[in-house]
Amino acid sequence: MVLPLSPASRRPHVRRWSLAARMAALVIVPSLLVMVLGGWWLRYEVHASLLGSMSRTLEEKSERINARLALLPDGKVQEAAGGSDEFSAIFSGWYWQLQGQAPAQLRTAAAPVVLARSRSLWDQPDLVVEQGGLWGSERLQQAVGPQREALLVQHFPVPLGAGAAPMYLQVFGPAQPLMASLRRIDQILGVTGAVLLLLIGALVWLQLRVGLAPLKRLVDVIAGLGKPLPGAPSATEQIAQLPLGTDLQPLQQELAALLARNTQVVERSRSHAADLNHALKKPLSLLMAHAGSGATVPAQLVQQQTTAMARLIDRYQARTFSDATLVHGASAGLPIDVLACARQMLAMLRQLHQASGLDWQLVEADNALWWRGERADLEELLGNLLDNAGKWAASQVRLTVQGSATQGLVLQVEDDGPGMTGAQMQAAGARGKRFDETVAGTGLGLAIAQQIVQGYEGQLQLRKSEVLKGLLVRAEMAGVLG
């Protein structure tokens, strides 16, 4: 049975290339293509220039030869006697042949024949031109001389007389010097291309070495986070301080923010475990005290304390789940009606502190206020602040709810209790810190509230209430929908 390939195995291999390999390919492949095409074009132009120079030389010589040719009455061609030149020296490498139709009394075929030729050919057979053109020239052709040397030839029409049959002058010249120059040019182009390719490879290696250095430093820092050295800065500070440049600055900022949020979630999880442990000690100690006294533990007491512990577990479990929201920032979560949640929490606190006879007031915003976050966090924050105010208030507790898209969510809880001194306000955020053992509580309310507010990029402030003269707690958090 043939198993289907997984999506990962069907991915193109190019996706598995490293960043350095992709960058090198994007530089070397286009460079190689440009070098090949540019080298081919340059080679063609140089060849065409040299071959064109040879063609012009042959054309000049053909004009000189044509001036010495004369058509006789019997249809034959005769070269006028003159001084010696390169076409007079035997096997000089310079030759010419005149092709045309033979006289009528001698004509036996329609093919042209050699009517005259240079003295430099001596008694050798007529030269035969190879079929096909020469690369870089449309007019020159190749031939083999009487000494088996390479020749270049070009055809020129010869008008010797009115009404005469068409004739063509073939002028031959030595090819060896020109071909040697062309081979030398090809060698220079090849060596230059190889040197340029090596130079590009070295520059690419240097570019990758220098260009990817910031990423290597980032990888080294991340790899070292698992084994932090004593006294070393935090992971967020190490990444934020790396000199990565403006191009990698967005990645640096996002990574630092992600590590900061993850660190915050870990700290919150540890705090949840510590808070739950601290909160469960009281009911467990009470049950252990009754069990250790030897008397039968009342069922009502057991049910009451176990129910309280179950509520504590559910409460901290909900808070743990809400921490996942903080990894994605304050924009995660569903929109929550803040005023509806505040009214619900005030109704619950009125019942909880019914025996105290407190006056619970809500100062609402002018319009509906929606906040994007976890409802469990908002309820936890309001519950802790209102419950803490209810324990210390003499007669009145006031909750003020305000907010906007630019200002964020603002919650103010005031009471007319004894308030706090400046030193107590500074120490109020410490976990388990209690200033009066006669008041029920765990000393975790303000610490939990501060942790929730910081999770939503906010701050918690404590100061004296100007209206009620007691404590005022102000919580500011981002996430208000405009």
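User: Let's start with Q170. Is Q170 buried or exposed?

Analyst: This is a predicted model, so every value here is computed from predicted coordinates. The general idea is to look at the relative accessible area, where buried means under 20%. Q170 has a relative accessible area of 3%, so Q170 is buried. You'll find Q170 in strand β7 (residues 167–174).

User: Which residues does Q170 touch?

Analyst: Leaving out residues up to four places away in sequence, Q170 touches Y95, W96, Q97, Q99, V129, V153, Q154 and H155. Take Q99 from that list: a polar contact of 3.4 Å joins the side chains of Q170 and Q99.

User: And how do I read strand pairing around β7?

Analyst: Here's the idea: strands of a sheet pair through backbone hydrogen bonds, either parallel or antiparallel. In this model, β6 and β7 run antiparallel and are joined by eight bridges. To see one of these pairings, find L152, whose bridge partner in β7 is G173.

User: How many bridges join β5 to β6?

Analyst: Four bridges join β5 to strand β6 (residues 150–158), and these two strands also run antiparallel. Look for V144, which stands opposite A150 in β6. β5 and β6 form a hairpin with five residues between them. In the turn, R148 has a positive phi of about 60°.

User: What should I make of a positive phi?

Analyst: Most residues other than glycine have a negative phi, so a positive one is worth a look. Two more cases sit in loops here. Phi of F91 is near 50°, and F91 lies in the loop between β2 (77–79) and β3 (95–100). Phi of W122 is near 55°, with W122 in the loop between β4 (113–117) and β5 (141–144).

User: Which of the words "exposed" and "partly exposed" fits F91, and which fits W122?

Analyst: The cut-off for exposed is over 50%. F91 has a relative accessible area of 28%, so F91 is partly exposed. W122 comes out at 55%, so W122 is exposed.

User: Now for aromatic rings. How do I describe a pair of them?

Analyst: A pair of aromatic rings is described by the distance of the centres and the angle of the planes. A search of the whole structure finds five aromatic pairs. One of them is W40 with Y44, a stacked pair at 6.0 Å centre to centre with 15° between the planes. Both residues lie in helix α1 (residues 19–67), four residues apart, about one turn of the helix. Y44 is partly exposed, at 32% relative accessibility.

User: Why is the pair of W40 and W135 called edge-to-face?

Analyst: Their planes are at 65°, so the pair is edge-to-face, and the ring centres are 6.4 Å apart. This pair links distant parts of the chain: W40 is in helix α1, W135 is in the loop between β4 and β5, and they are 95 residues apart. W135 is partly exposed at 35% relative accessibility. Put the pairs together and W40, Y44 and W135 are linked into a cluster.

User: What lies over the face of W94?

Analyst: That's K61, at 4.6 Å from the ring centre.

User: Let's move along the chain. What is the strand order in the open sheet of five strands?

Analyst: The order is β9-β11-β12-β14-β13, and the pairing is mixed. At the edges sit β9 (359–363) and β13 (459–464), each pairing on one side only. Neighbouring strands of this sheet are turned by 15° against each other on average, direction ignored.

User: Where can I see one of its pairings up close?

Analyst: Try β12 (residues 408–415) and β14 (residues 471–477), which run antiparallel and are joined by six bridges. There, L411 has A475 in β14 as its bridge partner.

User: Which helices pack on this sheet?

Analyst: Helix α7 (residues 338–352) does, touching β9, β11 (396–404) and β12, and its direction makes about 175° with that of β9. Helix α8 (residues 375–392) packs on the sheet as well, touching β9, β11, β12 and β14. The direction of α8 makes about 20° with that of β12.

User: One last spot: where is P418 found?

Analyst: P418 is in the loop between β12 and α9 (422–427). P418 has a relative accessible area of 66%, so P418 is exposed. P418 and A394 are 24 residues apart in sequence, and 8.3 Å apart in space, C-alpha to C-alpha.

Terms used
Residues numbered from 1 in each chain as written. Predicted model: local features only at pLDDT ≥ 70, side-chain atom pairs only at ≥ 80, totals over all residues. Heavy atoms only, no water. Buried < 20%, exposed > 50% of the residue type's maximum accessible area, 1.4 Å probe, protein only. Pairing = 2+ DSSP bridges. Axes fitted to C-alpha atoms, helices over the stretch in contact; angles between N-to-C directions. Contact = heavy atoms within 4.5 Å. Polar contact = N/O pair within 3.5 Å; in protein donor to acceptor, adjacent residues only side chain to side chain. Phe/Tyr/Trp six-rings, centres within 6.5 Å; stacked < 30°, edge-to-face > 60°. Lys NZ or Arg CZ within 6 Å of the ring centre and 35° of its normal.
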